[in-house]
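Dear colleague,

I am handing over the structure below, and after it you will find an account of what turned up when I went through it. Please read the two side by side.

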Amino acid sequence: MPKLFAPNTNSAESVLALLANLSDKPVRVCDIQQLAALPTTAYFETYLVANEETQSSFMVYLDRCYPEKIQEAVFFHEVLHLLLKCEGFPQIKINLSFASALKPNLRESLGKLRVHFASVIDHHIVFPRMLQLIGFDLSEYFDVQVNQKKLRLDRAREPNHIIRNFYAQQDILVGLEYLLCPEPQRNRILEVFKDKNPAAHSCLTGLRERVAQTTTKRQQTCFTLQSKSSPI
Ligand SMILES: [Zn+2]
């Protein structure tokens, strides 16, 4: 299995050490194009990173087109997702037996929807933890995140109104998640939404106010409860 970079940087070692406290499974690094080549996970083609737990290991799929520093940051980020899972943080699952009545194109989007829901919840913990622990400037990493979201909102307009509404709702989830970015990138994300999808922008700003109220109670989350007794 090809390695894209040896995870022997200080940041990789530190986050792998945290994971090793909770699991014996090794972390293997692979090319995300392996996932994109499969019909069920083809949507990963546009993703920067993904992870998967198998019986014997954790898999982290990276996009090797990015500079090594970006890959280092996304590796760190993804191991934080795995760490959260090992800490017992709730996971989003979709019961496909309830999806048989859906149109095929909606049913095929469920995997992607699961990833969006999981991201918007996990990232309230993963992004602050990443900024706290990684030890180097993440501006470039967050710039890549903003550019990815711009590309998403620039995509061709979907002709089917049901699918279009479905995508618009996902846009709101994506926007909520990236409002967790540092301020310069957060402001750019808001500008992009205002320009490309004004309806999603107004939902987003309203929801953001509600989310901001809940995140003031972040000390109640699984991560901070765990970290009180950990060395970090
Ligand atoms: Zn993530």
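**Strand β3 and its neighbours**

In this predicted model, the side chains of strand β3 alternate in direction, with F58, V60 and L62 pointing one way and M59 and Y61 pointing the other way, and all of them are buried. The strand, which covers residues 58-62, is accordingly described as mostly covered, since five of its five residues are buried.

Two strands pair with β3, and they do so in opposite senses: strand β1 (residues 27-31) runs parallel to β3 and is joined to it by five bridges, whereas strand β2 (residues 49-53) pairs with β3 in the antiparallel sense, also over five bridges. V60 takes part in both pairings, as the bridge partner of V29 and as the bridge partner of N51. The connection from β2 to β3 is a hairpin, with four residues between the two strands.

**The nonpolar core**

V60 and L62 appear again in the largest nonpolar core, which has 42 residues, and of these V60, L62, F75, F76, V79 and L80 touch the most other members. The element that gives the most to this core is helix α3 (residues 68-86), with nine residues, and the core draws at least three residues from each of domain 1 (1-86) and domain 2 (97-232). As general background, nonpolar side chains in soluble globular proteins tend to be buried together.

L80 is worth following a little further: leaving aside residues up to four places away in sequence, L80 touches V15, V126, R129 and M130. I125 lies 45 residues from L80 in sequence, yet the two are 9.0 Å apart in space, C-alpha to C-alpha.

**Two helices**

Where does I125 sit, and in which helix is it found? I125 belongs to helix α5, which covers residues 110-133, and I125 counts as buried because 23 other C-beta atoms lie within 10 Å, the cut-off for a buried residue being 20 or more.

Helix α7 (residues 161-178) allows a simple check of geometry: at 1.5 Å a residue, its 18 residues should span 26 Å, and its end C-alpha atoms are 25 Å apart, which agrees. Several residues of α7 are buried, namely Y167, D171, I172, V174, G175, L176, E177 and Y178.

With best regards

How values were computed. Residues are numbered from 1 along each chain as its sequence is written. This is a predicted model: local features need pLDDT of at least 70, side-chain atom pairs count only at pLDDT 80 or more; totals for chains, interfaces and linings use all residues. A residue is buried if 20 or more other C-beta atoms lie within 10 Å of its own, exposed if 12 or fewer, and partly exposed in between; C-beta atoms are placed from the backbone. The expected span of a helix is 1.5 Å times one less than its number of residues. A nonpolar core is a set of buried Ala, Val, Leu, Ile, Met, Phe, Trp, Tyr and Cys residues joined through C-beta atoms within 7 Å. Domain bounds come from an automatic or database domain assignment. Two residues are in contact if their C-beta atoms, placed from the backbone, lie within 7 Å. Two strands pair if DSSP finds at least two bridges between them.
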